[in-house]
Amino acid sequence: MLVSLNYVYAIVTAVFVILFLLERIFPLRLQKHSLINRLFINSCVIALAFAANATVVQPTAQFMLQWTHLQSFGLVHLVALPTAIKSVIAFLLMDLTYYYWHRANHRFLFLWRFHNVHHIDPDLDISTGFRFHVVEIVLSAGLRVFQIALIGISLGTYILYELVYQANTLFHHTNIRLPIWTERWLNTILVTPRMHGVHHSQVQEETNSNYSVIFPWWDKLHQTLRLNVPQSEIEIGIPAYSSPDDNKLQHILLLPFQQQRDYWRKPDNKPVERNPVVLGEALTQMVDFSNKSITPNLSLKTE
């Protein structure tokens, strides 16, 4: 399994480099903060997350994969089906259960304390994709135990899921501007940058939407899909944690253990509200930019 995961990480690294370059050339949203500062901070957070994944999550997953295989345990073993069909079902169930985990991270305040570290990034790009607090990664080991034990996924399907999961996590966090018709087509089968951009909005009801990771179908099924917000109208982050000091490394690491603020009000105690005039008419119809033009920001504001 370790060798197979090394191939996954090598492919994901290549995907990261390609997407990082593309979002510099074709930006979707204007970047408002120093890229260099954010890359340094996010890289430190990501390094801790990767260490937790390598030492806790993946060994736990490997143990459970071996146990469920030996015991023929899990939902896919309850009915005699061709291997290919079992693999498809297991893949879909992995993605569906992650949708529920993501919703839980927004619903339960204990989990949100840690997940909030991901959301307070003041800009959204590929470096945000793996910016998760180390405790959230450790907690996700429990999710992996539950997923593998419940589903009974095979090793090969698990490796494939990890590859697609990691790659699409990077893709939908990117700041790449695709032609609107291209993204609308892609969004019929994958979570895309415009869809996930809404999820990182400072407007509470927009943040609490679009939880899917690979397939957007789960948001459609659970009526949590929201696509009618122009990207040029989205302010990234969490209102109460929108000052430059909130995104210093030491604060990010300690944030979950400190007294929490009223997340949806800015320091001046005003909530971020959406002007309905800028919204598209259909909630689940992806819209392009409003009349504001988006061009590459060559002189980024420093924090």
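This is a short tour of a predicted model, going from its cores to its cavities and then to a few single residues.

**Stop 1: the main core**

Start by selecting Tyr98, Ile148, Ile153, Tyr158, Tyr161 and Ile214. These are the residues with the most contacts inside the largest nonpolar core, which has 39 residues. Now colour the helices that feed into this core: H1 (2-25), H2 (35-71), H3 (83-107), H5 (134-151) and H6 (155-173) each supply at least two of its residues. Which helix gives the most? That's H3, with eight residues.

Stay with tyrosine 98 for a moment and show its surroundings. Setting aside residues up to four places away in sequence, tyrosine 98 touches Leu143, Arg144, Gln147, Tyr161, Tyr165 and Val213.

There is also a second, separate core to pick out. This one has twelve residues, among them Ile41, Val45, Ile120 and Tyr263.

**Stop 2: the cavities**

Next, switch on a cavity display if your viewer has one. How many cavities of 30 Å³ or more does the structure hold? There are two. The largest has about 150 Å³ of space.

To find the largest cavity, select Tyr98, His102, Phe132, His173 and Val213, which lie nearest its centre among the 18 lining residues. You've already met Tyr98 as one of the best-connected residues of the main core. Helices H3, H4 (109-119), H6 and H8 (193-199) are the elements that give two or more residues to this lining. Colour the lining by class and you'll get six nonpolar, eleven polar and one charged residues.

**Stop 3: along H2 and just past it**

Now follow H2 along its length. At asparagine 53, H2 bends by about 40°. Keep going and you'll come to serine 72, which follows H2 and has a positive phi, near 50°. That's worth a look, as most residues other than glycine have a negative phi. Serine 72 is in the loop between H2 and H3. Is serine 72 buried, exposed or partly exposed? It counts as partly exposed, because its relative accessibility is 47%, between the cut-offs of 20% and 50%.

In that loop between H2 and H3, select histidine 77 as well. Histidine 77 is partly exposed too, with a relative accessible area of 33%. Leaving out residues up to four places away in sequence, histidine 77 touches Thr68, Ser72, Lys86 and Gly152, so serine 72 turns up here again. Try a distance label as well: the C-alpha atoms of histidine 77 and isoleucine 153 are separated by 9.2 Å, though these residues are 76 apart along the chain.

**Stop 4: threonine 207 and asparagine 210**

Jump to threonine 207, in helix H9 (204-207). Threonine 207 counts as buried, because its relative accessibility is 0% and the cut-off is under 20%. What is threonine 207 in contact with, leaving aside neighbours within four places in sequence? Show His106, His119, Val198, His199, His200, Ser201, Gln202 and Trp264 to see the list.

Finish at asparagine 210, in the loop between H9 and helix H10 (217-221). Here is another positive phi in a residue other than glycine, near 55°. Unlike serine 72, which is partly exposed, asparagine 210 counts as buried, at 1% relative accessibility.

Technical notes: Residues are numbered from 1 along each chain as its sequence is written. This is a predicted model: local features need pLDDT of at least 70, side-chain atom pairs count only at pLDDT 80 or more; totals for chains, interfaces and linings use all residues. Side-chain values use heavy atoms; hydrogens and water are left out. A nonpolar core is a set of buried Ala, Val, Leu, Ile, Met, Phe, Trp, Tyr and Cys residues joined through side-chain atoms within 4.5 Å. Buried means under 20% relative accessible area, exposed over 50%, partly exposed in between (1.4 Å probe, protein chains only). Helices (H or I, at least four residues) and strands (E, at least two) are DSSP runs, numbered from the N terminus. Contact means heavy atoms within 4.5 Å. The bend at a residue is the angle between axes fitted to the seven residues ending there and the seven starting there. On a 1 Å grid over the protein atoms alone, a cavity is a set of points where a 1.4 Å probe fits but cannot get out, and a pocket is an open set with protein on both sides within 12 Å along at least five of seven lines; lining residues have an atom within 4 Å of a point. Grid points are joined across faces, edges and corners, and a volume is the space filled by probe spheres set on the points. Ala, Val, Leu, Ile, Met, Phe, Trp, Tyr, Cys and Pro count as nonpolar, Asp, Glu, Lys and Arg as charged, and the others, Gly among them, as polar.
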